[in-house]
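Me: Hi! I've got a structure open and would love to talk it through with you. Mind if I fire off some quick questions?

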Amino acid sequence: MAMTSLSKIGREIGNAVQQIGNKKGGGWYGPFMAAASRAIVDRIPLVDLVLEIRDARIPFSSEFEQLRNYPFSSRRILVLNKMDLVSHSQLKEWMNYFNQRNCISFGVNSHNRDNVKEFLNFLQARVRELKKTDHPSHTITVMLVGVPNVGKSALVKSLHHIGRISAAEKGKLKHVTVNPQPGETKDINSFKIASHPNIYVLDTPGILPPEIHDIEVCSKLALTGAIRDSFVGVKKLAEFFLAILNSSDEYKKWAKFSTYENDRSNLQHNVEHSTGPELEKKQKRRYPSDHTQDFIVQKVRQTLFEVTSCFGGNVEKEEDMVRLIDLQFKALKEIFQVPVDLSEDPNTKVASKLLNLYRTGRLGHYTLDPVPRRTSN
């Protein structure tokens with residue numbers, strides 16, 4: 001990875017985040033977050049299990065700072081959520097790292113029913129072990145904690161939904177709603193996820209520390225959405241993603257999308273196997289302004305591959321990286337069909353769509369935190 005140019009963009013974002021955070025009343029750590037943080041710390045000794053939810057893309061940077069004084073134990077489980085956004089091998093490396101430090105960890109995709117069901121079975125097994133030792137109560141309380149936007153509420157919703165199906169009192173459990181904006185969970189809420197024994201989970205607000213001293217951590221939290229985009233601006237965040245993409249080999253996987261023969265053969269296949277009305281219906285279902293459609297995503301991948309592959313500069317040089325990113329923005333403006341007479345900056349519109357595709361895993365799998373390596377004495 002071209003760390004020179006990449007770290008410069010990351011430092012700009014990290015410094016901007018730090019400056020916002022240092023403003024009293026203007027940063028992320030306001031009175032509400034301070035009160036929520038105290039409430040969570042007060043409850044930690046009272047619950048039976050603590051699930052620390054981290055973002056699998058940033059297993060180190062998304063650490064919940066309030067748990068640093070609590071050692072890893074059988075009552076604390078580290079959950080790497082959004083595992084679908086990283087490669088299996090990188091996730092396995094991080095889980096091995098945590099397991100070597102006597103930390104119980106589990107990778108989960110809160111939107112995958114089978115995976116969540118497996119996780120619920122894992123939790124129930126941990127609860128049975130807990131009851132064998134020193135917990136005679138018939139009710140177990142599990143608290144989920146983490147920084148904003150790691151998917152706590154989405155995981156609670158999925159666990160709760162599966163619990164509704166399997167519980168004898170089906171239909172009597174409260175419904176869970178999830179807000180897509182980070183930091184929107186305002187209270188500590190309880191939801192039942194299992195019976196015999198009864199297991200309740202406490203969904204808590206996302207909490208960041210008052211100050212984040214590591215600017216690299218700041219930049220990664222911002223890129224993955226733990227810190228509001230408005231603190232930095234979507235264009236700068238999209239540039240950061242493109243710098244990561246350009247410094248990796250991920251774009252090379254999209255070479256298959258760059259051949260026009262594939263487009264022609266696919267078009268011919270569709271024509272030959274569709275009647276007139278069917279073909280017209282398929283074409284009508286295509287909305288060029290909707291960047292999440294598969295054919296648009298494919299065009300984005302194709303464009304990024306072609307622009308990056310044809311670039312003659314050296315991305316390890318700061319000025320060349322900036323030039324390549326500028327070329328990519330210009331090409332994507334056509335793919336996303338951003339009108340030139342738009343009231344807002346067209347690049348902002350491009351950046352917003354590009355950032356969405358990255359965060360939903362449509363543009364590859366990225367683990368931004370490297371696994372710490374053991375150093376020899």
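Reply: Happy to; below we go from the overall fold to the cores, the aromatic rings and a helix or two. One thing up front: this is a predicted model.

Me: Good to know. How many helices and strands does the protein have?
Reply: The secondary structure comes to 12 helices and six strands.

Me: And what share of the residues is buried?
Reply: Buried residues make up 47% of the 377 in the protein. On the outside, the protein exposes about 19,600 Å², and carbon and sulfur atoms supply 50% of that area.

Me: What about contacts between residues 24 or more positions apart?
Reply: Those account for 72% of the contacts with a separation of 6 or more.

Me: Let's go inside. Which residues have the most contacts in the largest nonpolar core?
Reply: They are Leu51, Phe119, Leu221, Phe241, Trp254 and Val300, in a core of 95 residues. Helix 7 gives the largest share of this core, with nine residues. There is also a second, separate core of 11 residues, which includes Leu78, Val86, Leu91 and Met95.

Me: Leu221 caught my eye. What is it in contact with, leaving aside neighbours within four places in sequence?
Reply: Its partners are Ile58, Ser61, Ser62, Val147, Leu208, Ile212, Ala226 and Ile227.

Me: Switching to rings. How many aromatic pairs are there?
Reply: The count comes to 11 aromatic pairs. One of them is Phe241 with Tyr366, an edge-to-face pair at 5.6 Å centre to centre with 90° between the planes. Phe241 sits in helix 7 (residues 234–246) and Tyr366 in the segment after helix 12 (346–359), so this pair ties together parts that are 125 residues apart in sequence.

Me: Are Phe241 and Tyr366 buried or exposed?
Reply: Both Phe241 and Tyr366 are buried.

Me: Got another pair for me, say the one with Tyr251 and Phe305?
Reply: Sure, Tyr251 and Phe305 form a tilted pair, 6.4 Å centre to centre with 40° between the planes. Tyr251 is in the loop between helix 7 and helix 8 (260–272), while Phe305 is in helix 10 (residues 294–310), so to speak 54 residues away. Tyr251 has a relative accessible area of 12% and Phe305 has 14%; with the cut-off for buried at under 20%, both count as buried.

Me: Which residues form an aromatic cluster?
Reply: Trp94, Tyr97 and Phe98 form one.

Me: And where does Lys235 lie?
Reply: Lys235 lies over the face of Phe329, at 5.2 Å from the ring centre.

Me: Phe329 is in helix 11, right where I'm looking. Which residues of helix 11 are buried?
Reply: Phe329 is one of them, along with Asp320, Met321, Leu324, Ile325, Gln328, Leu332 and Ile335.

Me: What span should helix 11 have, and how far apart are its ends?
Reply: At 1.5 Å a residue, the 18 residues of helix 11 (residues 318–335) should span 26 Å, and the end C-alpha atoms are 26 Å apart, which agrees. Helix 11 is followed by Gln337, whose phi is positive, near 50°.

Me: Last one: where is Gly10, and what is it in contact with beyond four places in sequence?
Reply: Gly10 is in helix 1 (residues 3–22) and is buried, with a relative accessible area of 8%. Beyond those neighbours, Gly10 is in contact with Ile215, Ser219 and Phe240. Gly10 and Phe240 are 230 residues apart in sequence, yet 6.5 Å apart in space, C-alpha to C-alpha.

Terms used:
Residues numbered from 1 in each chain as written. Predicted model: local features only at pLDDT ≥ 70, side-chain atom pairs only at ≥ 80, totals over all residues. Heavy atoms only, no water. Helix = DSSP H or I, 4+ residues; strand = E, 2+ residues; numbered from the N terminus. Expected span 1.5 Å × (residues − 1). Buried < 20%, exposed > 50% of the residue type's maximum accessible area, 1.4 Å probe, protein only. Contact = heavy atoms within 4.5 Å. Areas by Shrake-Rupley, 256 points an atom, 1.4 Å probe, with all protein chains shown as cover. Phe/Tyr/Trp six-rings, centres within 6.5 Å; stacked < 30°, edge-to-face > 60°. Lys NZ or Arg CZ within 6 Å of the ring centre and 35° of its normal. Core = buried A, V, L, I, M, F, W, Y, C linked by side-chain atoms within 4.5 Å.
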